[in-house]
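Please read the following with the sequence and the coordinates open side by side, so that each residue can be found as it is named. The walk goes from strands to cores, and from there to charged pairs.

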Amino acid sequence: MKLFIFIFTICLGCFSSLKAQDTINLDSLKATLKNLSWQQLDSVGRDLKNKQHLEEAEIYLQKAVEVAENKNGKDSTYAVSCTELGAVFSSQGNYEQAESFLIESKEVREKIFGTQHPDYASSCSKLAVLYRRKGEYQKSENLYIEAKNIQEQLFGKQHPDYAYVCNQLGSLYRYKGLYDKAEPLYLEAKNIQEKTLGKENKEYASSCNNLAILYNMKGLYYEAEQLYIEAKNIRANVLGKEHYLYAFSCNNLAILYASQGLYQKAELLFIEGLGSIVGKNNMRYAAFCENLASVYYEQKFYDKAEKSHINAKNIKENIVGNKHPNYASSCENLAQVYHKLNLYDKAENLFLEAKKIRENSLGKQNDGYATSCDNLGTLYYSKGSYNKAEALFLEAKNIREQTLGKQHPDYAISCLNLARLYRNTNEYKKSKFLYKEALENKKNQITNLFPTLSEVEKQSYFSTIDYFFTDFINFAITYYPQDKSISENLFNQQLFTKGIVFSSTQKMKKQILSSNDSSLINQYEDWKEQKTNYLSLLQTPINKRDSTFDLIKVASQINELERKISKKSELFKNTTQKEYTWRDVQKNLAKNEAVVELIRLKRKDDKSKIEDTVYVALIISKETKNQPEILVIENGTELEKEAFYFYQNNINFQLEDEESYNQYWKPIQDKLNNLSKKGYSKIYFSPDGIYHKINLNTLKNLKRKGFLVEEQNIQLITSSRDLIERKEKGIKNIDLSKNFAAYKTYLLGYPAYNLNGKDTLKVNGEDRSLNGLQRIIGQQTVIPVLEGTKVETNQINSLFKNKTISTTLFQNNEATEENIKALQNPAILHIATHGFFIHQIPEDKVTTIQKAEDRNLLKNPFLRSGLLLAGCQNPQTGQEDGILSAEEAMNLNLERTELVVLSACETGLGDIQNGEGVYGLQRAFRQAGAKTLIMSLWKVSDEATQLLMVTFYEEFLSGKSKREAFKIAQLKLKEKYSEPYYWGAFVMVGE
C-alpha cells in the first residue's frame, strides 16, 4: 500500500467552502426544478459540478438534458448538457453512465457540425479523459489524437487550443509511463505557448509545471527543479503569492525535494503553499495537508503524519461529506499510518469505513471497491486474521475477474495475495495453483510488452513485476520438502526470467541484422550512430558543449527510435521469450555433465518482510530422472559480507584461505557427490549475486590440498537457456585453432595516454588499475603507462605471425578509440591497457539537488566502467576522448567475433542485478556480439598478466580449444606464482 500523493498538474476546478450538511435535501431539490429554463438548469448544474457538489449537479443536469431534448430535440444545447452530465458521472466513478452520455454528445455534435468542428473536438477530448480514468488507454489515445488533428487542421499548430490538446495527450502518455512520448508533446505545447502567449503567462507556467512533473518521474531532478522554480516565479509575478496556482507550485517543488530526502526544504514549501490557500476549509488545503503528512510519514514522524491526515480528513468531511470517495481516500491514508504503528483496531475501522463508502457510492463491481477489499484484507493478513483476509481477497479477485478479466495486472495481484495467504495457512496446493495463475499473467504481459519496449524500458518494467517471481521462489523452497515436483516449476521459471532483458535485446538485434530488410537495418545503424554522437557529447565538458544542443531531447529521440525499430514489421514475433523446461536443458547435456543454476534470493517471512539473503542452487544432470534438485545455501548474507571480505583479503594479501571453499563451494560439491559418486566431466555454472565477484577456480580444498581449478571443469554460462538455444540455432563449437587462416586478429596495447608525450609515467610491474572517477569528472591525474602491455602484445603478435595469421597491432598513438570502433567483426580482439570501474554515489551522501542529479547520471553502470586508450590524458577537440566506456562498447561491431580478451584491471566488475548479471564491460562486449570473453575480477599484476596471456595464445595456437588453453595457461602460471592473486584474476565466460 502507498500513501496518496497529490501532484497538481493543470488548473483544477474551484471548490466551495459550503458544508455538506448545508446543502438542500435532494428530494426537495427535484421538486423546485419544474419551472427552470434550460439556461438556468445548465448554469447551476455546471456551478455545482465545479464546486464538487456532484449529487446536486447530477439532478440539475439530468433535468437540463430532459428540457433540452423536449424543447428542441437533440440539438447543440442537448449535446452540451450530455457532456456536462457525463463529466459528473465520470467524477462520481459511474463510468458506464458517463460513457453513455459522452458518446451521445459526441455523436450529436458529429451529426450537427461534422467532425471538423471545435465542439466535436471538445467531445473527443472529454471522452478521452473518461477512457483514461477507466484505464482504456488505447481508446483514450485515439480520441486525443483525433482532437489534436482537428485542432491542427482548424487553427494550425501555432494556436493555444492545439497546445492544450498536446498537453492532454502528453499527460495520457505520462500516466501510461510512456515518458518519451509525453516529453515531445509537453515541449511542443510549451514552445507554442511561449511564442503565442509569452513566458509571463499562466498557461506557459502550467506547461513548465507539466514538463517538470515528467522530468521528476524520469529522475531528471535538476531539470525538474528548474522548471518547477520557473513556473513558481511566473505564478508569483503574474498571479501573486496568494493565488492557488502559486500554492500548487510550492506543493510540486516540495514533492520533488521530498523524493530526494530533502525533507526540511519540502516541509517549508508545503507550509508556504498552505499559507497561499485562501481559507482552510477547501479541498486544496486538504491536499496540501495530505502531502505534508506523506513527508512526515517517510521520515517516520508518525505523530505529525497522523495529525495532518486527520486535518485533511476533517476538511473533506466538511466539504463533500463522509460518503464521498475523496473522503474515503483520506480514511485509507490515515489507516495506513495506523497500520504502520500496529494500531490495528484504528486502522481497521478506517479501512472498513472507506470500503463502505466505495460500496455505497460506486457499487461493488468496480476496481475501486476491489482495492478497498485488498487494503482491508492486507490489514487482516498482518493481524493473522486469515479467515477474514481470505474472504476479502477472494471478493477482490472475483470482482477483478468479472470487471477486468484474468489478463489484467490487478487480477494477478489478487492471485498473489491469496497465494501468500494460503502459503501461511499451509494450504500449499491452493497456493501453488494461484502462484501459477499470477505468474502466467505476468509472463503474458512480458510476451506482449517486451517487443514494443526499448532495453531501458524493459529493465524498468521487469523491475516493477519481479516481486511476483521472487515470491514464488520463496514459496518453492519452503514447499519443496513436501512436493519435490515444485522444483520443476522453479527451474522452468528461471529459464524464462534469468537474463531476460539481455536475451530479449540480443534476439531482437540478431533478427534485425538477419532480416534482409534494408530499411530496418538502416534504421538500426542510424540508431547506433545517434547513440554514439550522444555519448560523445555527454562526455564533453559542459563548458565546451554546444548550448543549443538539448541532451534530454536527444536521449528521448534515441529511445523512441529504438522503440520503433523493435516494433517494425513482424520481427518481434520471433523475439519473444520462449518457455523452455528443464527437460530441454537435460537433452543438451552430455554424459557425466551437470548444470548448476544459482539464484540469489532475499527470503521473506510469513508477513512478506525480508529476513535474510539465501542462495538457491538448482541442479540437474544427464542422469536426473524425476525433477531438479534444490539446495538452499542459508548463509547468503554472510557470503556477501564477512566471507567475501575474507576472500578478498586473502587474495590481495596472498594468504592461505582455509574457509572460502567451505563457504562458497562445499555445499554444492557435497550435493553433486550425492547425485553421482563418479563425479562430472563438466559442470555448467550459471552464477548470481556474489558468485559473480569470485573466481571459483581459486577456492582451495584444504582436505585435498588442491584448488578447484585442479579438481573440476567448470564452465560459466549466463543461463541454462544458453545450452538449448545454441542447439536450436545450429551453432557449432568452432575450433579456432584449426581455422585461423580464415580469421583476422586485432591486438591493441601500450596506448600513449598523453599524445603530447608529457606527464605520463612509465611503470614496470605495476597493476593495471586506475581511479577512473578522477578522469571521468575531469580532475587532473597522471596515467601510468604499462610497459608490460607492450611486451605482451608484441609477443602475441609474433606468435600469430609465426602461424602466418592475419594480425593487426595497434600501439602508442595508434591504440585509439577510433581504431577500435572502426573494427568490423574481428575473429579475436585483444586489448591490453588500464580498466576502471566507478562506484555509485551512496544515497545517504545526497544532500543537495545537484548531488541528486549527479547520482542520477551515474545510475547508468555502463558509463561507470571502461577502458583507457590513447589520448585520454589530453583529448583533442573534435576527436574521441580516449575513454571507451561500456556504453560505447555495446555499439561495437562484434557479431561474428569469437573471442575478446580484456587484459586490464577489474574488467569483469560492474553493478550486479539479480538474474541479469553484471552491468559493465562484461555485458557490453557480450551484447556487442562477442561469443567468449576473458576478463578480470580484481587488480592484476602487469608481469603476471603478460605471462598468462602469452601462454594462453601459445596453447591456443598449438591446437587447444579456448577453454583448454585458458585452463592450461592458468595452471602453468600457478607453477611460477602459487598464489591465486596472480593466476586467478581472470575468468572466461560465454561459449
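In this predicted model, a good place to begin is an open sheet of three strands, which are ordered β13-β14-β15 and pair in the antiparallel sense. The edges of the sheet are taken by β13 (835–837) and β15 (883–885), and because each of these has a single partner strand, one side of each is left without a neighbour in the sheet. On average, neighbouring strands of this sheet are turned by 25° against each other, if direction is ignored. The antiparallel pairing of β13 with β14 (residues 865–868) rests on three bridges, and in one of the pairings that can be looked up by residue, G835 has L867 of β14 as its bridge partner.

A further strand to follow is β19 (residues 932–936), where five of the five residues are buried, so that the strand is largely enclosed by the rest of the structure. In a regular strand the side chains alternate between the two faces of the sheet. For β19, the residues on one side are T932, I934 and S936 and those on the other are L933 and M935, and as all of them are buried, both faces are covered. Strand β19 also has partners to name: strand β16 (residues 899–903) runs parallel to β19 and is joined to it by three bridges, with L899 having T932 as its bridge partner. With strand β20 (residues 986–990), by contrast, β19 pairs in the antiparallel sense over five bridges, and here L933 stands opposite V989.

The nonpolar cores come next. The largest nonpolar core has 95 residues, of which L211, Y215, Y228 and F270 touch the most other members. Helix α12 (residues 244–259) gives the most to this core, contributing 12 residues. A second core, separate from the largest, has 92 residues, and among them are Y691, I828, C905 and L933; L933 is also one of the buried residues of β19.

Helix α12 also holds S249. Is this residue, S249, buried or exposed? At 1% relative accessibility, S249 counts as buried, because the limit for that class is under 20%. Leaving aside residues up to four places away in sequence, S249 touches A231, K232 and R235.

Side chains of opposite charge can pair when their charged atoms come close. Across the whole structure, a search finds 31 salt bridges. One of them joins K63 to E66, with the closest N and O atoms 3.5 Å apart; both residues lie in helix α3 (residues 54–72), three residues apart, which is about one turn of the helix. E66 has a relative accessibility of 41% and therefore counts as partly exposed.

Another salt bridge is formed by the side chains of E640 and R600, at 2.4 Å from N to O. Since E640 belongs to helix α28 (residues 636–640) and R600 to strand β1 (residues 593–604), the pair ties together parts that are 40 residues apart in sequence. R600 is buried, its relative accessible area being 16%.

The side chains of E955 and K960 likewise meet in a salt bridge, at 3.5 Å from N to O. E955 is buried, with a relative accessible area of 10%, whereas K960, at 27%, is partly exposed. Finally, D42, R46 and E84 are joined into one network by salt bridges that share partners.

Terms used: Residues are numbered from 1 along each chain as its sequence is written. This is a predicted model: local features need pLDDT of at least 70, side-chain atom pairs count only at pLDDT 80 or more; totals for chains, interfaces and linings use all residues. Side-chain values use heavy atoms; hydrogens and water are left out. Two strands pair if DSSP finds at least two bridges between them. Helices (H or I, at least four residues) and strands (E, at least two) are DSSP runs, numbered from the N terminus. Axes are lines fitted to C-alpha atoms, for helices over the stretch in contact, and angles run from 0 to 180 degrees between N-to-C directions. A nonpolar core is a set of buried Ala, Val, Leu, Ile, Met, Phe, Trp, Tyr and Cys residues joined through side-chain atoms within 4.5 Å. Buried means under 20% relative accessible area, exposed over 50%, partly exposed in between (1.4 Å probe, protein chains only). Contact means heavy atoms within 4.5 Å. A salt bridge is a side-chain nitrogen of Lys or Arg within 4 Å of a carboxyl oxygen of Asp or Glu.
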